[in-house]
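Welcome! Please take a moment to look over the sequence and the 3D view, and then we can walk through them together.

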Amino acid sequence: MSGTPLPQGEPSAVATAVATATAELLLDVDRIGITFGGLKAVQNLSLRIPAGALYGLIGPNGAGKTTCFNLLTGVYRTQTGSITLAGKRVDGLKPHQIAHAGLSRTFQNIRLFGELTVLENVMLGMHVRGRHTLLGTLLRLPSHVGQERAMHARAHELLRLFNLHDRHAEQARNLPYGDQRRLEILRALATEPRVLLLDEPAAGMNPQEKKSLAQSIQQIKRQFGLAVLLIEHDMGLVMDICERITVLDYGVVIAEGTPSEIQANPKVIEAYLGAPGAAGPPPPPPPRRESQAGNETGNQAEGDAGDDDPRTHG
């Protein structure tokens, strides 16, 4: 007996939750939080990201998004909860240990080594997986030379992925802004992550560059089989490519769901527009203020103190 056909389109919240539960859970963030003085920057944040997923993390300026990334990557140590990557607890580890475990990121402010070539910037990321020894490096032993050759070949492959191979010998600082952004993503990919965290990768890009970036992110997800968590203020980009979205406001999760659910959520609309009952998707935020954490801009290990970091607000 034939029944009424089910409606087609975006899966329901229940169906999506079931699919997520049955997929391999890769990143399990359970009620993490951090307080700076009397400011609760992030409170009881939970994320569950399966392998191969592309999720978004959005919110107004100062909502706590970059602070969340700093917690996930060990720049800050969470004061509550736990962070589990592929079944292993990583909260409490140092940033380089978390990167080795398979969690890599980009930054709001570009953190390339401008004096090095494009190729050398990518190869730097690969040293997370290297097994160099002091003796092997000094004596140029066959094991060391073999690793360097393999890294060199792999770096060229990654540069071809983003059409940067023809510029491999140029200094990174001479690349156009959009290509510098893409190079930073490639350097993060070079660490061979299981989960890739992208912090506002489209910032400063023109519409054509954003379209190319969206295609590249989706290609990365498919080709490398990794999970991607995206922070982005461009709502069009987020709604187009993310499967599920978590919304932060004042360090608290106020909504989670599919793009269409987020667009229609009254709490999300109020957080962006400041008026309950307003219609339409969240608009782009106002221009970002310059980071005031000047001493943070020179060292990748220190994280990214951008406009979302509570230390940059008076």
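How many aromatic pairs does the structure hold? The structure holds one, and we will visit that pair after a short overview.

## The chain as a whole

A word before we start: this is a predicted model. The chain contains 11 helices and 10 strands. It has 314 residues, and 46% of them count as buried.

Two further totals help to set the scene. Of the contacts between residues at least 6 apart in sequence, 67% join residues at least 24 apart. The exposed area of the chain is about 15,200 Å², and carbon and sulfur atoms supply 53% of that area.

## The aromatic pair

Back to the opening question: there is one aromatic pair in the structure. Its members are F36 and Y76, whose ring centres are 5.2 Å apart and whose planes meet at 70°, so the pair is edge-to-face. F36 belongs to strand β1 (residues 25-36), while Y76 sits in the loop between α2 (65-72) and β4, so the pair ties together parts that are 40 residues apart in sequence.

Are the two partners buried or partly exposed? F36 is partly exposed, because its relative accessibility is 25%. Y76 has a relative accessibility of 10% and therefore counts as buried.

## Salt bridges and a small network

Side chains of opposite charge can pair when their charged atoms come close. In this model the count comes to 13 salt bridges. Which residues are linked in a network of such bridges? They are D28, D30, R31 and R48.

D30 makes a good place to look at this network. One salt bridge joins D30 to R31, with their closest N and O atoms 3.2 Å apart. Another joins D30 to R48, at 3.6 Å from N to O. This second pair links distant parts of the chain, since R48 is in strand β2 (residues 39-50) and D30 is in strand β1, 18 residues apart. With a relative accessible area of 22%, D30 is partly exposed, and R48 is also partly exposed, at 38%.

## A salt bridge within helix α7

Another salt bridge connects D179 and R182, whose closest N and O atoms are 3.3 Å apart. Both residues lie in helix α7 (residues 177-189), three residues apart, or about one turn of the helix. D179 is buried, with a relative accessible area of 17%, and R182 is buried too, at 12%.

R182 also leads us to another helix. Leaving out residues up to four places away in sequence, S216 touches F162 and R182. S216 lies in helix α8 (residues 207-224) and counts as buried, with 7% relative accessibility.

## Buried places

Which residues of helix α4 are buried? They are V118, L119, N121, V122, M123, G125 and M126. That makes seven of the nine residues of α4 (residues 118-126), so this helix is largely enclosed by the rest of the structure.

L85 offers another view of the interior. It is part of strand β4 (residues 80-85) and is buried, with 3% relative accessibility. Apart from neighbours within four places in sequence, L85 is in contact with L26, L27, V90, A101, G102, L103 and V195. L85 and L25 are 60 residues apart in sequence, yet their C-alpha atoms are 8.6 Å apart in space.

The cysteines C68 and C242 can be added here. C68 is buried at 0% relative accessibility, and C242 is buried at 5%. The count of disulfides in the model is zero.

## A nonpolar patch on the surface

To finish, let us turn to the outside. L138, L139 and L141 make a nonpolar surface patch of about 300 Å². L141 is placed in the loop between α5 (134-139) and α6 (142-161). With a relative accessible area of 31%, L141 is partly exposed. Residues in such patches must have over 30% relative accessible area, and L141 has 31%.

Note on methods. Residues numbered from 1 in each chain as written. Predicted model: local features only at pLDDT ≥ 70, side-chain atom pairs only at ≥ 80, totals over all residues. Heavy atoms only, no water. Helix = DSSP H or I, 4+ residues; strand = E, 2+ residues; numbered from the N terminus. Buried < 20%, exposed > 50% of the residue type's maximum accessible area, 1.4 Å probe, protein only. Contact = heavy atoms within 4.5 Å. Patch = residues over 30% accessible without salt bridge, like charges linked within 9 Å, V, L, I, M, F, W, Y side chains within 5 Å. Areas by Shrake-Rupley, 256 points an atom, 1.4 Å probe, with all protein chains shown as cover. Salt bridge = Lys/Arg side-chain N within 4 Å of Asp/Glu carboxyl O. Disulfide = S-S within 2.5 Å. Phe/Tyr/Trp six-rings, centres within 6.5 Å; stacked < 30°, edge-to-face > 60°.
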